[in-house]
Amino acid sequence: MHRFFVPEENVGNGKISVTGDDINHMKNVLRMSVGEKVVVSCGQGTDYYCIIEDIQDTGVFLRIQEERPAVTELPARIVLFQALPKLDKMELVIQKAVELGASDVVPVRSRRCVVKLDAHREAKKLARWRAIAESAAKQSGRGILPEIHESMDFGEALEYAQELAAVLIPYELCDTVDESRHIMQRAARQKSIGIFIGPEGGFERSEVEEAARSGALPVSLGKRILRTETAGLAVLSVLMFLIEWRK
């Protein structure tokens, strides 16, 4: 069944109204009709199994048939702190991070970032990134709509990460591969995990040291040097596996 996200206020009295861009998508792209079944979430971890009762230009109106807790969410909050990459790589990172279970993506301005966003450009980028996150959440059956934050300086991101139980920072000069495996396994047992990924040129050593002083744990991802758009997804994949099958 197709999945849609709606604001919480659109749910009530056994009914749901779908508004905004999804009206056109349901009517003219998917060509859905009265009587078809869909799954709707308001991003709070509950799935509503519905049937379409009416389709109008102002909205698509549904009747709730069943409510179930979402089963697709990891039992841990994972926040990806991604240093701003060049070109449109952030779009790929956000799409795949959402598919892999990230609950938040925070664009980070680190010292080696080439990309500079003014307020106007960032607003346009955020709108695009959030649309990509919503599409990926629908496609992958997520029970929440992951949050794409406004960009933060590296120091601001470290401060934000203080609320997380474990914070990892992959670093190409970290040579403790065996210890890294144990660090990842311990992190996967926590309720919240942060992952800091550097830009194309990597983090400066002083940034890694600053992160370590804030409690972040440097880890190795193996003997190969990964691109910025690959590294975060590699960590997310490992954590997803460890969390899903932890005992």
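This is a short tour of a predicted model, stop by stop, with something to select at each one.

**Stop 1: the main core**

Start on the inside. Select Ile94, Leu168, Leu236 and Leu239: of the 41 residues in the largest nonpolar core, these touch the most other members. Now colour the elements that give two or more residues to this core. They are strand 7 (77–83), helix 2 (89–99), helix 3 (119–139), strand 11 (166–170), helix 5 (177–187), strand 12 (192–197) and helix 7 (228–244).

Zoom in on Ile94 and show what surrounds it. Leaving out residues up to four places away in sequence, isoleucine 94 touches Val105, Trp129, Ile132, Ala133 and Ile148. Apart from this core lies another one, made of 19 residues. To find that second core, pick Val79, Phe81, Met152 and Leu158, which are among its members.

**Stop 2: the largest pocket**

Next, look for an opening. The largest pocket has a volume of about 460 Å³. Of its 25 lining residues, select Tyr171, Glu172, Ile225, Leu226 and Ala231, which are the closest to the centre. Which elements give two or more residues to the lining? Strand 12 and helix 7 do, and helix 7 gives the most, with three residues. Colour the lining by class and you should count 12 nonpolar, six polar and seven charged residues.

**Stop 3: Thr228**

Stay with helix 7 and click on threonine 228, which is part of that helix. Is Thr228 buried or exposed? Its relative accessibility is 6%, so threonine 228 counts as buried. Draw a distance from its side chain to the backbone oxygen of glycine 198, and you should get 2.6 Å. Then show the contacts of threonine 228 beyond its neighbours within four places in sequence: Gln82, Ala83, Pro85, Ile197, Gly198, Pro199 and Glu200.

**Stop 4: Ser180**

Move over to helix 5 and select serine 180. Serine 180 has a relative accessible area of 2%, so it is buried. What lies 2.8 Å from a polar atom of its side chain? That is the backbone nitrogen of serine 220. With residues up to four places away in sequence set aside, serine 180 touches Cys174, Val219 and Ser220.

**Stop 5: Phe5**

Now go to strand 1 (residues 3–5) and pick phenylalanine 5. Phenylalanine 5 counts as buried because its relative accessibility is 8%. Add arginine 142 to the selection: the two residues are 137 apart along the chain, but their C-alpha atoms are separated by 9.8 Å. Not counting residues up to four places away in sequence, phenylalanine 5 touches a long list that includes Asp22, Ser41, Gly43, Glu134, Ala137 and Arg142. Gly143, Ile144 and Leu145 are also among its contacts.

**Stop 6: two loop residues**

Finish in the loops. Asparagine 13 sits between strand 2 (11–12) and strand 3 (15–18). Its relative accessible area is 81%, so asparagine 13 is exposed. Check its backbone too: phi is near 55°, a positive value in a residue other than glycine.

For the last pick, select arginine 31, in the loop between helix 1 (21–29) and strand 4 (37–41). Arginine 31 is exposed, with a relative accessible area of 64%. What is phi of arginine 31 near? The value is near 55°, again positive in a residue other than glycine.

Technical notes:
Residues are numbered from 1 along each chain as its sequence is written. This is a predicted model: local features need pLDDT of at least 70, side-chain atom pairs count only at pLDDT 80 or more; totals for chains, interfaces and linings use all residues. Side-chain values use heavy atoms; hydrogens and water are left out. A nonpolar core is a set of buried Ala, Val, Leu, Ile, Met, Phe, Trp, Tyr and Cys residues joined through side-chain atoms within 4.5 Å. Buried means under 20% relative accessible area, exposed over 50%, partly exposed in between (1.4 Å probe, protein chains only). Helices (H or I, at least four residues) and strands (E, at least two) are DSSP runs, numbered from the N terminus. Contact means heavy atoms within 4.5 Å. A polar contact is a pair of N or O atoms within 3.5 Å; within protein, one must be able to donate a hydrogen and the other to accept it, and residues adjacent in sequence count only if both atoms are side-chain atoms. On a 1 Å grid over the protein atoms alone, a cavity is a set of points where a 1.4 Å probe fits but cannot get out, and a pocket is an open set with protein on both sides within 12 Å along at least five of seven lines; lining residues have an atom within 4 Å of a point. Grid points are joined across faces, edges and corners, and a volume is the space filled by probe spheres set on the points. Ala, Val, Leu, Ile, Met, Phe, Trp, Tyr, Cys and Pro count as nonpolar, Asp, Glu, Lys and Arg as charged, and the others, Gly among them, as polar.
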